[in-house]
Amino acid sequence: MKQPSGGNAAFKTTVGGQALMEGVMMRGPHKIAYAVRSPEGKIVTEVEPVKKYAWQKIPFVRGVGGFIESMVTGYRYLMKSADIAMTEEEKAEEKPSRFELWMEKHLGEKGFQVLMTVSSVLGAALAIVLFMVVPTFLVGLLSKAVELGSWKTLLEGILKIALLVGYMAAISFVPDIARMFRYHGAEHKTIACYEHDLELTVENVRRCSRFHPRCGTSFILIILVVSVLLFSVIPWSSLSLRIVYKILLLPVVMGVSYEILKICGRYDNIVTRAISAPGLWLQRITTKEPDDGMIECAIAAVKPVLPEDRREGEW
């Protein structure tokens, strides 16, 4: 039987999600849900309403706001999934540090969770900055030994992409991350099944593609490519000033990149396929084939968030 492709579905949906520890989180137009496999083998689910914000309808602004909001939400559900997936023995072994105990005592549980969420967002922002700063610094050092001329920006862009691909490839060998990449594959395959209007069964989902053009992986790669083009106009006369300009322009890069992703998700032609192709290639690292149990979690997560009228969730 021919395998449905995730990218060529007649219907394209905004419904999507992310992989968790032993589970999947899915987000629809009105609800957000997660399904996590407990150590006892039970699938634990929870459904919440999606919060609406005015900036979500503003072009370019929604890309920046969406990135920050998805980081906060993603981290919160990741922590929930870790708590469910861990055995009692593992929880007992994970003793909190003195700093964590002090923060929880003085800020309370909610305050502590807020602090941890802010820390995760800052950590993600730091990672992005490092991907921007390190290539610039390396090219700057190299240019002192070799005359690079106009090749500086291109070399900087190549280093950015090489760092990203290398990082993704390296963490894929970590057992916990490798399992999350399989749940990521289950998420994509389930969305593809829904977009092809097939019944959400393990058998049907298994047949679908794990590669999907409307994915966070593709968004990150588009950000890097857009940054190469936009930062090409920033002078190299001062490395420190160039880095400052790049950090200041990061919201612009995110906003433009998100609009490009929206266009690529909405239209299917030679241009959009060419733009989406690198992201789909990178998904060969960040998504892996799931087992049936992982697919069951993805189905359990997506069913509660699907709108009654499919058009409400159209891309």
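These legends describe close-up views of one predicted protein model. Residues are numbered from 1 along each chain as its sequence is written. In this predicted model, local features need pLDDT of at least 70, side-chain atom pairs count only at pLDDT 80 or more, and totals for chains, interfaces and linings use all residues, while side-chain values use heavy atoms, with hydrogens and water left out.

**View 1. The whole chain has 10 helices and four strands.** Helices (H or I, at least four residues) and strands (E, at least two) are DSSP runs, numbered from the N terminus. Along the sequence the pattern is β-β-β-β-α-α-α-α-α-α-α-α-α-α. Of the 315 residues, 43% are buried (under 20% relative accessible area; exposed is over 50%, partly exposed in between; 1.4 Å probe, protein chains only). Contact means heavy atoms within 4.5 Å. Among contacts between residues at least 6 apart in sequence, 71% join residues at least 24 apart.

**View 2. Four strands form an open sheet in the order 1-2-3-4.** The pairing is antiparallel; two strands pair if DSSP finds at least two bridges between them. Strand 1 (16–20) and strand 4 (43–49) are the edges, and each pairs on one side only. From one strand to the next, the twist averages 15°. Angles run from 0 to 180 degrees between N-to-C directions, and axes are lines fitted to C-alpha atoms, for helices over the stretch in contact.

**View 3. Strand 2 sits between two antiparallel partners, strand 1 and strand 3.** Strand 1 and strand 2 pair over five bridges. Glycine 16 has arginine 27 of strand 2 as its bridge partner. Two residues separate these strands in their hairpin, where glutamate 22 takes a positive phi near 55°. Strand 2 and strand 3 also pair over five bridges, and their hairpin has three residues between the strands. Here valine 24 is bridged to alanine 35, and arginine 27 stands opposite isoleucine 32.

**View 4. Strand 2 is covered on both faces.** Five of its five residues are buried. Gly23, Met25 and Arg27 lie on one side, and Val24 and Met26 on the other. In a regular strand the side chains alternate between the two faces of the sheet.

**View 5. Helix 1 and helix 10 pack on the sheet.** Helix 1 (residues 61–85) lies across strands 1, 2, 3 and 4, at about 30° to strand 3. Helix 10 touches strand 2, strand 3 and strand 4; its direction makes about 155° with that of strand 3.

**View 6. The largest nonpolar core has 26 residues.** Such a core is a set of buried Ala, Val, Leu, Ile, Met, Phe, Trp, Tyr and Cys residues joined through side-chain atoms within 4.5 Å. Met26, Leu200 and Val302 have the most contacts inside it. Elements giving two or more residues include strand 2 (23–27), helix 5 (175–195) and helix 10 (292–302). Beyond its neighbours within four places in sequence, leucine 200 contacts residues including Tyr194, Val205, Ile299 and Leu306. A second, separate core of 13 residues includes Ile223, Val226, Ile234 and Val253.

**View 7. Helix 4 (residues 151–171) meets helix 9 (residues 270–286).** Their axes come within 9 Å and cross at roughly 25°. The two helices are therefore roughly parallel (under 35 degrees; over 145 is roughly antiparallel, 65 to 115 roughly perpendicular, the rest oblique). Leu164, Val165, Met168 and Ala169 of helix 4 meet Leu282, Ile285 and Thr286 of helix 9. By class, this contact has six nonpolar, one polar and no charged residues. Ala, Val, Leu, Ile, Met, Phe, Trp, Tyr, Cys and Pro count as nonpolar, Asp, Glu, Lys and Arg as charged, and the others, Gly among them, as polar.
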